[in-house]
Amino acid sequence: MKEHKPNAKALLPILVFLIIYLGSGIYFEYISPEEGRMGFYVISVVVAFGLALIVAFLQNKSLTFNEKIHLCAEGIGDDNIVIMLFIFLMAGAFSGLASAAGGASSTANLMLDIIPGNLAVPGLFIIGCLISMSMGTSVGTITVLVPIAAEVARSTGISMPLIIGTVVGGAMFGDNLSVISDTTIAATRTQGVEMKDKFRVNFLIALPAALITAIILVIYALRNPAAELAHYDFNIWLAIPYFIVLILALLGLNVFLVLGIGILLFFLIGGAAGTITFSTAFSAMGSGTSGMFETMIVTILVASISSLMKAHGGFTAILAFIRKHAKSKKGGMLGISLLTALMDVATANNTVAIVIAAPIAKEISDEYRIDPKKTASLLDTVSCIMQGIIPYGAQLLIAASLAGISSISIIPFLYYPFLLAVCVLGSILIEKK
C-alpha cells in the first residue's frame with residue numbers, strides 16, 4: 001500500500017462540511033428558529049457533502065481530473081460499500097412494509113398489554129429495547145412509543161421527562177445492536193466484519209448498561225404509585241414477523257436472508273389480516289427504500305471524499321496525530337471513540353458519523369492491531385451514545401415534540417446512554433494488550 005505524506009490541508013473538505021452543516025444547523029436551531037422546523041435539517045446533508053466534494057476535487061493538483069474520478073470510483077466500488085448500499089435498500093423495504101402492515105404498533109401494544117402497572121416505566125424501557133432491536137430504527141421506535149408513554153405520564157403523574165428519556169434509552173439500545181439497523185450495517189461493512197461477530201462484542205458492552213438502567217427504573221417504580229395502563233388493541237399475528245426476524249438475526253443468519261424472510265412474512269400476514277393489499281404493500285416498500293436514498297447518497301459522497309483525502313495525505317495526517325498522542329492499543333481505541341463522537345456532534349446523524357469516521361478508524365485499527373470487531377462496535381456504540389444525548393438530534397427533537405416538552409429537559413433522565421458511555425470506557429481500559 002502506498003504511504004502518503006501527512007498533509008493536514010487534505011482534511012479541508014471535512015472542515016468545509018462541518019462549517020456549512022453545523023453552522024447552518026446552529027443558526028436555524030438556536031439563533032433564528034422557525035416553528036415546526038428542525039434547524040439541522042434546513043440544509044440537506046447531501047448538499048453540504050456535495051460542496052465538500054467540490055473542495056476535495058480542487059485540491060491535490062498533482063492528479064488530473066480523470067485520475068480523481070478514478071479514485072472516487074475505487075472508493076465507491078469497494079465491496080463493503082456496495083454490500084452496504086444493497087442492505088440499505090432491503091432494510092428500507094422491510095421497514096416500509098412493516099409499518100404499513102401495522103407490525104410496529106401491534107408489537108408495542110402487545111407488550112404494553114402484558115406488563116403490570118407497577119412496572120410501567122421499566123416495562124417501557126424493555127419494550128423500547130425489543131421494538132428497536134426488531135425494527136432496527138430508534139426514530140421509528142420513538143415515534144411508536146412516545147405517544148403511549150406520554151399518555152401514561154399524564155394519567156399517572158409520572159415525570160414526563162423521565163418516562164420519555166426511558167423510551168429514548170430503549171430505542172438507542174436496539175439502534176446500536178439490531179443487525180438491520182443502518183448504523184450496524186455501516187459499522188460492520190466498513191470494517192469488513194460479520195454482523196453476528198460485532199453483535200457479540202457489542203452485547204457485552206451494552207448488556208451491563210441496560211441491566212443497571214433496568215434496576216434503577218425498577219427501584220423508581222417500586223417507590224412510586226402503580227400506573228393504570230389502558231388496554232391497547234393489537235393483532236398478535238402482525239407482531240410475529242418482528243419476533244421471527246429478531247430470533248433469526250440473533251442466530252447469525254445472513255442479513256439479506258433475514259430481511260427477505262421478514263419482507264415475505266409481512267407481505268403474507270399483512271395481506272391475510274387485511275391491513276395491506278398487493279398494491280399498498282409494494283407502495284410501502286417503495287416509500288421505505290426512498291427513505292434510504294439520502295443515506296445511500298451520503299455513503300457514495302463520503303466514499304468519494306475519503307478516497308481523495310486519503311490520496312492527498314489526509315488520513316496519514318490523522319494517523320500521525322494519533323501516533324503522537326496515543327502510544328498504545330487503548331490509545332488507538334480512545335482515538336476512534338473520540339473521532340466518532342465528534343463526527344456525531346457535528347452531523348447530528350449517527351449513520352453519517354460512522355460513514356465519515358469509518359475509513360480513518362480502519363487505518364487506526366490496522367495501525368494499532370485493534371480487532372476489527374471491536375472497531376465496528378466502538379463506531380456503532382459511540383455514535384449511538386452521542387445521538388441519544390445531543391438535544392438537537394432527530395431522536396430527542398422528535399421525542400420532545402411528541403411529548404410537548406423541551407429536548408433539554410430529557411437529558412438528565414437518559415440513564416442508558418450515559419451508562420453505556422461508562423461501559424464503553426471501561427471496555428477500553430480493561431482491553432488486553
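Welcome to a few short exercises on this predicted model.

**Exercise 1. How far apart are the mean positions of the positive and negative charges of the chain?**

Solution. Start with the two groups: the chain carries 24 positive and 24 negative charges. Next, take the mean position of each group; these two points lie 14 Å apart.

**Exercise 2. What does the radius of gyration say about how compact the chain is?**

Solution. Begin with the make-up of the fold: 21 helices and zero strands. For 433 residues the globule rule gives 22 Å, and the radius of gyration is 22 Å, close to that value, so the chain is as compact as a globular protein of that length. To picture the outline, note that the C-alpha trace spans about 70 × 50 × 50 Å along its principal axes.

Now look at the interior and the surface. Buried residues make up 56% of the chain. Among contacts with a separation of 6 or more, 79% come from residues 24 or more positions apart. The exposed area is about 18,200 Å², with 68% of it supplied by carbon and sulfur atoms.

**Exercise 3. Which helices do the buried residues of α11 pack against?**

Solution. First locate the helix: α11 covers residues 236–250. Its 15 residues reach 21 Å from first C-alpha to last, close to the 21 Å expected at 1.5 Å a residue. Then pick out its buried residues, which are Leu238, Ala239, Pro241, Tyr242, Val245, Leu246, Leu248 and Ala249. Finally, find their partners: the buried residues of α11 pack against α4 (79–101), α5 (103–114), α6 (120–135) and α12 (255–273).

**Exercise 4. Is Cys72 buried or exposed?**

Solution. Find Cys72 in helix α3, residues 65–76. Its relative accessibility is 7%, and buried means under 20%, so Cys72 counts as buried. Leaving out residues up to four places away in sequence, Cys72 touches Phe57, Ser304, Ser307 and Leu308. Take Ser304 from that list: Cys72 and Ser304 are 232 residues apart in sequence, yet their C-alpha atoms are 4.3 Å apart in space.

**Exercise 5. Which residues does Thr183 touch, not counting residues up to four places away in sequence?**

Solution. Go to helix α9, residues 182–191, where Thr183 lies. With a relative accessibility of 0%, Thr183 counts as buried. Listing its contacts beyond four places in sequence gives Asp175, Asn350, Thr351, Ile354, Asp380 and Cys384. As a last step, check the spacing to Ser99: Thr183 and Ser99 are 84 residues apart in sequence and 20 Å apart in space, C-alpha to C-alpha.

Definitions and conventions
Residues are numbered from 1 along each chain as its sequence is written. This is a predicted model: local features need pLDDT of at least 70, side-chain atom pairs count only at pLDDT 80 or more; totals for chains, interfaces and linings use all residues. Side-chain values use heavy atoms; hydrogens and water are left out. Helices (H or I, at least four residues) and strands (E, at least two) are DSSP runs, numbered from the N terminus. The radius of gyration is taken over C-alpha atoms; the globule rule is 2.2 Å times the number of residues to the power 0.38. Buried means under 20% relative accessible area, exposed over 50%, partly exposed in between (1.4 Å probe, protein chains only). Contact means heavy atoms within 4.5 Å. Accessible areas come from the Shrake-Rupley method with a 1.4 Å probe; for residues, only the protein chains shown count as cover. Lys and Arg count as positive and Asp and Glu as negative; His and the chain ends are not counted. The place of a charge is taken as NZ of Lys, CZ of Arg, CG of Asp or CD of Glu. The expected span of a helix is 1.5 Å times one less than its number of residues.
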